[in-house]
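Hi,

Here is the structure I said I would pass on. Have a look at it first, and then read my notes underneath.

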Amino acid sequence: MAKGISSRADNYAQWYVDIVKKAGLADHSAVRGCMVIKPHGFAIWEKMQAQLDRMFKETGHVNAYFPLFIPKSFLSREAEHVEGFAKECAVVTHYRLKQNDDGTGLIVDPEAKLEEELIVRPTSETIIWNTYKDWIKSYRDLPLLVNQWANVVRWEMRTRLFLRTAEFLWQEGHTAHSSKQEAIEEALQMQEIYATFAEEYMAMPVIRGRKTTSERFAGAVDTYTIEAMMQDGKALQAGTSHFLGQNFAKAFDVKYLNEENREEYVWATSWGVSTRLVGGLIMTHSDDDGLVVPPKLAPTQVVIVPIPKPNPEIMEVAERIAAELKGKGISVKIDHDPKKRPGYKFAEYELQGIPVRIGIGKRDLEKGQIEIARRDTKEKTMVDLGQEANYISALLDTIQQDLFAKALAFQRARTNRADTWEDFTRLLDEGFVSAHWDGTSETEAQIKAKTKATIRCIPNDQEAEKGTCILSGAPSTGRVLFARAY
RNA sequence: CGGGGCGUAGCGCAGUCCGGUUAGCGCACCUGCUUUGGGAGCAGGGGGCCGCAGGUUCGAAUCCUGCCGCCCCGACCA
């Protein structure tokens, strides 16, 4: 175990906090519930952003930016939406401070009360649909495919670094369509993009599915989700995509003239992923020695450590290898620090999760070799000089694939079927449980009250299978996925 | 927001019950020497509004009140 990191077995929650802090990803801030994302953590988020942004644009979306503040009256326009978010909104009531009369500090100037309070956006549907009303007049304006990268605020009672903070960074896509079918296809397409991103870039296997009524987004007709399993067997909702029907179009009166010159309401979707993904990434791959980052998202993919310390002969080889790797599009850092010892550096770079480490030592060079170590397995291999570029290029791919395969094997091993209540409660301690449910919110709520588990989703690939509800015994036509969740 | 725990140097902690010199220890940091292939050794050195604000007292890290923050467990959520 690395210095100062709790083990997953002893205290999973503390292990997570230790990784975030020791790997330099984020810190708690002076503001309740808000974190400071440090350069290393932000670099990972930037890698995620860059790839997601590419995927959004490849599917025809464009970026825009809407205000941080939302007039209070906007929020109440859509009944379910307001109910879902009202409890966790930060509200701006004044626009000025002034010196206290006794000169002891600043107070809110009572003279500067806003006519209408402003909500700090918890999500942007309302301000965006209020804007779309002006943008959309004709079927020729559709589909409207807009995304924004932004921060949002949700006043959470209990926060955890990356997983749930009062302010977080995310992207939110908001699209408008002329047909119901097209909007549903858009929502499903975005779910698939999220799933592809999670699996191919984060190496985090996910279950694609649909939310039950009680779990879906406030104001949505349907919420599609990707659910990932963390190393403690708990589920993490990693991304959601919503089919909003005509709810927001009606609330904000967004109509267009179709080809027959008739007015119709548009159909809508919204979809988002957040900095929570960084938390998911950590809890999918990291170990008791520190962070493990898949190569495709690692800010630095390879680190070169001179052994025992930098000298001209070693550094010349290091520079040559670094240039060669950079030429292949691989990001490389050379360690120039003459004071720290190799053992210290090895531990430090393992903590930071750099996927591949090259050790260049005097004795190795005499044999025309260098040592290449992979972070995920700690395996070390001696490689002949000249072979390193091809070797590392292939190794990065291998690590990426192995991380996914390992996570997938874990997820499968800890996903079980249950047909009796006894098995159900026992298997929930393992991870995901696939079981029959009678389809009612009442039963869902009772199961949650008894076990703390929720229905994570009705899987997209749910098989038709007759059975009886795990709790009520009422008939069911297919299994749904239960788990305790973050 | 309820219950429990914690807050003392960058990090991890002792000291608090039972008030009393200059607040300690390990790691990290600085200097020097010796080392150097998995978190080096010795010697010397620097660093503290003891979470914050009040109060009690001749005297407070220690006692009292209030507040803030973190962690764990619950209720809510991406």
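**What I found**

A backbone N or O atom of Tyr-344 sits 3.2 Å from a base nitrogen of RNA strand B. Bear in mind as you read that this is a predicted model.

Two side chains also make polar contacts with bases. In Glu-348, a side-chain N or O atom is 3.0 Å from a base nitrogen of RNA strand B. In Arg-164, a polar side-chain atom comes to 2.2 Å from a base oxygen of the RNA strand.

Which elements give two or more residues to the surface near RNA strand B? They are helix H1 (12–22), helix H10 (342–352), strand S19 (356–361) and helix H11 (362–366). H10 gives the most, with 7 residues.

If you want to click through the surroundings of the RNA, there are 39 residues around strand B, and Arg-164, Gln-237, Arg-276, Arg-363 and Lys-452 come nearest. Sorted by class, the surface near the strand has 20 charged, 11 nonpolar and 8 polar residues. Looking from the RNA side, 43% of the strand B atoms within 4 Å of the protein belong to sugar or phosphate, and the rest belong to bases.

On to the overall layout. The domain assignment splits chain A into domain 1 (12–89 + 122–285), domain 2 (300–397) and domain 3 (415–483). Taken over C-alpha atoms, the centres of domain 2 and domain 3 are 49 Å apart.

One residue I'd pick out is Leu-25, in the loop between H1 and strand S1 (26–28). Is Leu-25 buried or exposed? Its relative accessible area is 0%, so Leu-25 is buried. Leaving aside residues up to four places away in sequence, Leu-25 touches Val-20, Val-36, Ile-37, Lys-38, His-40, Gly-41, Ile-44, Phe-162, Ile-282 and Leu-291. Take Ile-44 from that list: Leu-25 and Ile-44 are 19 residues apart in sequence, with 8.7 Å between their C-alpha atoms.

Next, the cysteines. How many disulfides does a search of the whole structure find? The search finds 0. Cys-34, for one, is in no disulfide, and the nearest cysteine sulfur, on Cys-89, is 15 Å away. Cys-34 has 15% relative accessibility and therefore counts as buried. Cys-469 is in no disulfide either, with the nearest cysteine sulfur, that of Cys-457, 17 Å away. Cys-469 has 4% relative accessibility, so it counts as buried.

Last, some backbone details. Most residues other than glycine have a negative phi, and most peptide bonds are trans. Here are some exceptions to look up:

- Leu-142 and Pro-143 are joined by a cis peptide bond, with omega about -5 degrees. Pro-143 is in the loop between helix H5 (125–135) and strand S9 (144–153).
- Ile-307 and Pro-308 are joined by a cis peptide bond, with omega about -5 degrees. Pro-308 is in the loop between strand S17 (302–307) and helix H9 (312–327).
- Asn-261 has a positive phi, near 65 degrees. Asn-261 is in the loop between strand S14 (255–257) and strand S15 (263–265), and at 58% relative accessibility it counts as exposed.
- Lys-378 has a positive phi, near 70 degrees. Lys-378 is in the loop between strand S20 (369–374) and strand S21 (380–384), and at 30% relative accessibility it counts as partly exposed.

Cheers

Notes. Residues numbered from 1 in each chain as written. Chains lettered and ligands numbered in written order. Predicted model: local features only at pLDDT ≥ 70, side-chain atom pairs only at ≥ 80, totals over all residues. Heavy atoms only, no water. Disulfide = S-S within 2.5 Å. Buried < 20%, exposed > 50% of the residue type's maximum accessible area, 1.4 Å probe, protein only. Near = heavy atom within 4 Å. Polar contact = N/O pair within 3.5 Å; in protein donor to acceptor, adjacent residues only side chain to side chain. Helix = DSSP H or I, 4+ residues; strand = E, 2+ residues; numbered from the N terminus. Nonpolar A, V, L, I, M, F, W, Y, C, P; charged D, E, K, R; others polar. Domains from an automatic or database assignment. Contact = heavy atoms within 4.5 Å.
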